[in-house]
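This report describes the packing of a predicted model. It covers the nonpolar cores, one helix and two individual residues.

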Amino acid sequence: MTELWRLTRNRYGRTVYDALARAGVTATWMYEYTRPLAEPIPDPTDTAVAVERCSPGRIASLDPPVEDLVAGEDVVAAVADDEPVGYLFCSVGATHRIAPLHRRLSFDGAYLRRVFVDPDYRNRGVATAMVAAACRRAADEDATEAAALVALDNRPSRALFERLGFRATRARRYAAVGPFSWRSVRDL
């Protein structure tokens, strides 16, 4: 049987999701992953990219959603041959609007989001290198924990965070049909 993420994480699945959302029907199930920052994440040894903190303009060629950046949020980029090949956003102690959950959430430590790697550079340790760099920087800013929200159907991202020692600590769900909505938060 095909895994759910393969059916939904493509342009066709996104088109169906967007059409349902326009009709007032949405549903989201996300895991909140957390990891203490006391133990550093080792850098991958087989990646040929540099990781840097940069301005949003540096990653413009990857078409990132920079309009979503909150005050004080860092852009962490992976660069190969002076061209960006990946990015993530990282904040410490910020409050974010989590659109799929129709909610604002605050994170005491670091919050990592919008992890993206160019398809030609995937499975080469690029995301691992970016997450490790973001966690080190957050620890330098006195954050003691890092968190990420990952959709249930986003199997590749869930595997990334699990491989890096993050643990699913909460399940967050939201559903709406027209004016009726339901949400739940469950500790795992």
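## Nonpolar cores

The largest nonpolar core of this predicted model has 31 residues, of which Leu-88, Leu-112, Val-131, Cys-135, Phe-161 and Phe-166 touch the most other members. At least two residues of this core come from each of the strands E1 (25-36), E3 (74-80), E4 (83-92), E7 (110-117) and E8 (145-151), and likewise from each of the helices H3 (126-140) and H4 (155-163). The biggest contribution is that of H3, with 8 residues.

Beyond its neighbours within four places in sequence, Val-131 is in contact with Ile-41, Leu-88, Leu-112, Leu-160, Phe-161, Leu-164 and Phe-166. A second core, separate from the largest, consists of 10 residues; Met-30, Leu-101, Tyr-111 and Leu-149 are among them. In soluble globular proteins, nonpolar side chains tend to be buried together.

## Helix H4

Four residues of H4 need mention as buried: Ser-157, Arg-158, Leu-160 and Phe-161. Viewed down the axis of H4, the buried residues lie within an arc of 160°, so they line one face of the helix. An α-helix has 3.6 residues a turn, so residues three or four places apart point the same way.

The packing partners of these buried H4 residues are E1, E7, H3 and E8. After H4 comes Gly-165, which has a positive phi, near 90°.

## Arg-35

Arg-35 belongs to strand E1. Although buried, Arg-35 forms no salt bridge. Glu-39 has the nearest side chain of opposite charge, at 5.1 Å, whereas a salt bridge requires a side-chain nitrogen of Lys or Arg within 4 Å of a carboxyl oxygen of Asp or Glu. What the Arg-35 side chain does reach is the backbone oxygen of Glu-39, at 2.6 Å.

Setting aside neighbours within four places in sequence, the contacts of Arg-35 are Pro-40, Ile-41, Thr-144, Glu-145, Ala-146, Leu-164, Gly-165 and Phe-166. Of these, Gly-165 is the residue that follows H4, and Phe-166 is among the members of the largest core that touch the most others.

## Trp-182

Trp-182 is located in strand E10, which spans residues 180-187. Its relative accessible area is 46%, so Trp-182 counts as partly exposed, the class between under 20% for buried and over 50% for exposed.

Not counting residues up to four places away in sequence, Trp-182 touches Arg-173, Tyr-174 and Ala-175. Trp-182 and Ala-27 are separated by 155 residues in sequence, yet their C-alpha atoms are 9.3 Å apart in space.

Notes:
Residues are numbered from 1 along each chain as its sequence is written. This is a predicted model: local features need pLDDT of at least 70, side-chain atom pairs count only at pLDDT 80 or more; totals for chains, interfaces and linings use all residues. Side-chain values use heavy atoms; hydrogens and water are left out. Buried means under 20% relative accessible area, exposed over 50%, partly exposed in between (1.4 Å probe, protein chains only). Contact means heavy atoms within 4.5 Å. A nonpolar core is a set of buried Ala, Val, Leu, Ile, Met, Phe, Trp, Tyr and Cys residues joined through side-chain atoms within 4.5 Å. Lys and Arg count as positive and Asp and Glu as negative; His and the chain ends are not counted. A polar contact is a pair of N or O atoms within 3.5 Å; within protein, one must be able to donate a hydrogen and the other to accept it, and residues adjacent in sequence count only if both atoms are side-chain atoms. The arc is that of the directions from the helix axis to the C-beta atoms.
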